[in-house]
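Work through the exercises below with the model open. Try each task before reading its solution.

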Amino acid sequence: MKYLARILTTLLLMISMNTIAQIAEFDKMVPLIDREIFFDTPEISGAQLSPDGNWVSFMKEYNDITNIWVKKFDEAFDKARPLTNNERPIGGYFWSDDSKYILFVKDNKGDENYNIYAVDPTAEAQADTGVPTSRNLTPMKEVRISIYMVSKKDPDIMMVGINNRDKAWHDLYKLNIGTGELELLYENNNRITGWDFDWDEKPRLAYRTNEAGHSEILRIDENNNFTKIYETNLQEQAYVAGWDKNNENMYLVSNKGDVNFRTLYLMNPNSQEIIELESDPLNKVDFGGMFIDDNTREILYTSYTYDKKKRIWRNKRWEKMFNKLQKRFKGKEIGFSSFTKDYKQMLISVGGDVFAYQTYYFNADTGDLIYQYTSRPRLKEVEKYLAPMKPISYKSSDGLEIPAYLTIPYGMLEKNLPLVVLVHGGPKGPRDYWGYDPYAQMLANRGYAVLQPNFRASGGYGKAFLNAGDKEWGRLMQDDVTWGVKYLIDKGIVNKGKVAIMGGSYGGYATLAGLTFTPDVYACGVDIVGPSNLFTLLESVPPYWEAFKKSLYEMVGDPNTEEGKKLMKERSPLFSVDKIIKPLLIVQGANDPRVKQAESDQIVVAMRDSGKEVEYILADDEGHGFRKPVNRMAMWASAEKFLAKHLDGRYQESMPEEVEKRLAEITQDVSKVTYEAPKPLTVDAKLPKIDNAIEIPANYQYKTSISINGQEIAMTQERSIRKEGDMFIFTDNSKSMMGESNDVVYFNKELHFVKRMIQQGGQTIMLSKEDDELDVNMADTSVSHKAKGAYISEGSGFDMVVAGLPLKEKYSLSYLTFDMMTQKMQTKLLKVVGKEEGNWLVEITEADGGSAVQKLWIDPVRKLAVKTESIIPAMGNAKVTTTLEK
């Protein structure tokens, strides 16, 4: 035994000495590349030709922030002039088809509430800003604009979605770029999530998410009548990729039914006949995409992404042209960046995993190929030290094959290396791709091997692989990451004691889950905007994710079921923080609308209070990820120092003065971080005095319109008010094509609810309240509900009770009511949001975050509602508008 122990000790010593020697050789051979080269703003990026070919636009720093620049086609880049002076980096832009305007979207400090801006590339610069004036075409706060179509037939027109009326759903508008005029085309009370326009730019199709969370494709007929022609469930996906030459059939991409890999079909929206056109010839991946010439309406190529992207050419001329370019740029990836209207002139990008990206001008007619720029020229100078990204695969805990990419530091042997597992976000749909990756390259330059796993739920590998991640957060999805680490350890590539996990969004969650559920695997973790508590994550998603909620529940668990709650609690790292034994660095943007600051605050506080080692970076001007260069550089300065401390890697100590200053500003003193769990909305103990001198007797007439599924249903309503002793009796009689109904409500002299009787379609429903009990009697069945606290009936007379409240600016009241649709007690929040034309505008929402919204315009003199609007999700998001006639 002693002899065996001596051999093992000798072997370990030899391995250690070899590792030290390898690191020393690496340090000598490979320079420490400045982090600015990886993460500072590219010198030039995102170039586009104007559609007429007269201009070249691109992105470049102006006042230290990425902005849009422009130059004439035949000018040098150093003759260009800036067009925008944004305070946050611009993520992208596009030209109007007549080349008159450049358009872009901008949010507020990362909140993802985007407005659309237009700037004239020929306009003179303002003296104070140095750039022309950018016009905000949609100047609305806390509103997210979606762009559906940019017209080529009338280049002044765009079709956009705006959620100013209902935060959960976007109405369809026509936007005039020149004037900023908006014209409402469709008020979305039908759960529409998007539109598809044909070659004539006519809205032919609408996308809808139904109450079950299923996706529907609707044909749009005359007078905005919708006909469902295709439906996919929560485990299926389908979208329309374009229209055929004759503008009759649509290119449908789908994996519906027993189809595993997304397939390209041709579908006639009228007959609903479907013909299969193409799927992956290797039967390995999904249909990737298609490129259509807008002039000839011909498919030029289709594509599939395996380890790398592959095109299948349908046009011989384009194929010959592309093959010529491939010969010119061997071993590199070629991408088409921009075209003129006639597709004769174009900009192409050329790069790869170990190459700085470059942009060239190419003329399809003459064959001229002219170099334009290198995005990161300083990276070009150190290309020889970049590390190749190698595709690998390994089996997970259940035998599922997991594709991944492995990057080994330049000049290092694949032996006993420290490892950083870099987990991508999403999680359902996104994936990592082969190519230049600044994160992987910087980490490799610091001496770490980098593993990028495309775990189950990553996109492109088929429906079964995608859905295999459902309800597997922190379980099999986490195993896909863990087993990748084990695979590399077993191969001898990785040092078992020197493994870190790092990622953003879902990758941040995987980091927290890795340290929580497999604490012995990792030496440390870096969580970037990752959720720690699945309950608060789902509670805080933006309103415009309403259509996506069922899919979220399918992924992580349904918080409305006991089974879902149990699963979510088990898989939330916050509730198992006692299991974390390794150091953690947390990075968060204060304005993140997806993963709120509370997600990071919670786990920072929990770790600190448990005596765990945690560091915290919080930027007040960032959202879901860091985009401002100074913030990005500061974050990476902290991250690489943190990794070096725990993995014994190398790091760059120096940093510019402004980065050092900003790092000090965003690094939090964890002893001072606080978190207070949001308190459930409590019902007010009692109603305030209802001050409304009801006129007796009284009669009112109303006009009601119900907008549902694209149809309008008219209704008339009459209200009478009488008195019996001390009891006020309100009766609403409603008539429509659906029949007649009566709603009779009794109030005591304080206008507090006593009882209600609803008669419709031969049925009678009785509600009566005594003390803290509400009895509901329907079909000879009586059910009792607790009703302790302020209670308001939302039947006849509801608006006059509200009008009698002490309404004023910012007044609010929480109360109970019985919801007739769900047959449950609900807590509602009533708020005065302002005044419109002399009337109080009162908004009523559901305390549990439901999407039902009711608005009342209360006349403060007459003490009644002159108009009400209600959105009713249980009726397919129907909108009910009632207006007082007399």
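**Exercise 1. Backbone outliers**

Task: Locate Asn247 in the chain, describe its phi, and decide whether it is buried or exposed.

Solution. This is a predicted model. Start with the place: Asn247 sits in the loop between strand E17 (238-243) and strand E18 (250-254). Next, the backbone: Asn247 is not a glycine, yet its phi is positive, about 65 degrees. Most residues other than glycine have a negative phi. Last, the cover: the relative accessible area of Asn247 is 9%. Buried means under 20%, so Asn247 is buried.

Task: Do the same for Lys471.

Solution. Lys471 lies in the loop between helix H6 (463-467) and helix H7 (476-490). Its phi is positive too, about 60 degrees, and Lys471 is not a glycine. At 31% relative accessible area, Lys471 is partly exposed.

**Exercise 2. Cis peptide bonds**

Task: Inspect the peptide bonds from Gly426 to Pro427 and from Ile696 to Pro697. Give omega and place each proline.

Solution. Most peptide bonds are trans. The bond joining Gly426 and Pro427 is cis, with omega about -5 degrees. Pro427 is in the loop between E30 and helix H5 (438-445). The bond from Ile696 to Pro697 is also cis, with omega near -15 degrees. Pro697 is in the loop between H14 and strand E36 (698-708).

**Exercise 3. An aromatic pair**

Task: Classify the pair of Phe287 and Tyr304 and say which parts of the chain it ties together.

Solution. A pair of aromatic rings is described by the distance of the centres and the angle of the planes. A search of the whole structure finds 38 aromatic pairs. In the pair of Phe287 and Tyr304, the centres are 5.7 Å apart and the planes make 90 degrees. Planes over 60 degrees apart count as edge-to-face, so this pair is edge-to-face. Now place the partners. Phe287 lies in the loop between strand E20 (274-278) and strand E21 (289-292), while Tyr304 belongs to strand E22 (residues 299-305). The pair therefore ties together parts 17 residues apart in sequence. Both Phe287 and Tyr304 are buried.

Task: Which residues form one aromatic cluster?

Solution. The members are Phe291, Tyr301, Trp313, Trp318, Phe322, Phe336, Phe339 and Tyr343.

**Exercise 4. Salt bridges**

Task: Which parts of the chain does the pair of Lys390 and Glu414 link?

Solution. The whole structure holds 48 salt bridges. Lys390 and Glu414 form one, at 3.2 Å from N to O. The pair links distant parts of the chain, 24 residues apart: Lys390 is in strand E28 (residues 389-395), and Glu414 is in the loop between strand E29 (401-407) and strand E30 (417-423). Lys390 is partly exposed at 37%. Glu414 is partly exposed at 38%.

Task: Compare the exposure of the partners Arg608 and Asp609.

Solution. Their side chains meet in a salt bridge of 2.9 Å, N to O. Arg608 has a relative accessible area of 24% and is partly exposed. Asp609 reaches 54%. Exposed means over 50%, so Asp609 counts as exposed.

Task: Which residues are linked in a network of salt bridges?

Solution. They are Asp620, Asp621, Lys628, Arg662 and Glu665.

**Exercise 5. A charged patch**

Task: Which residues form a negative surface patch, and where is Glu657?

Solution. The patch consists of Asp64, Glu657, Glu658 and Glu660. Glu657 is found in helix H14 (residues 657-666). With 68% relative accessibility, Glu657 counts as exposed.

How values were computed. Residues are numbered from 1 along each chain as its sequence is written. This is a predicted model: local features need pLDDT of at least 70, side-chain atom pairs count only at pLDDT 80 or more; totals for chains, interfaces and linings use all residues. Side-chain values use heavy atoms; hydrogens and water are left out. Patches are made of residues with over 30% relative accessible area and no salt bridge: like charges are joined within 9 Å, nonpolar side chains (Val, Leu, Ile, Met, Phe, Trp, Tyr) within 5 Å. Accessible areas come from the Shrake-Rupley method with a 1.4 Å probe; for residues, only the protein chains shown count as cover. A salt bridge is a side-chain nitrogen of Lys or Arg within 4 Å of a carboxyl oxygen of Asp or Glu. Lys and Arg count as positive and Asp and Glu as negative; His and the chain ends are not counted. The place of a charge is taken as NZ of Lys, CZ of Arg, CG of Asp or CD of Glu. Helices (H or I, at least four residues) and strands (E, at least two) are DSSP runs, numbered from the N terminus. Buried means under 20% relative accessible area, exposed over 50%, partly exposed in between (1.4 Å probe, protein chains only). Rings of Phe, Tyr and Trp (its six-membered ring) pair if their centres lie within 6.5 Å; planes under 30 degrees apart count as stacked, over 60 as edge-to-face and the rest as tilted.
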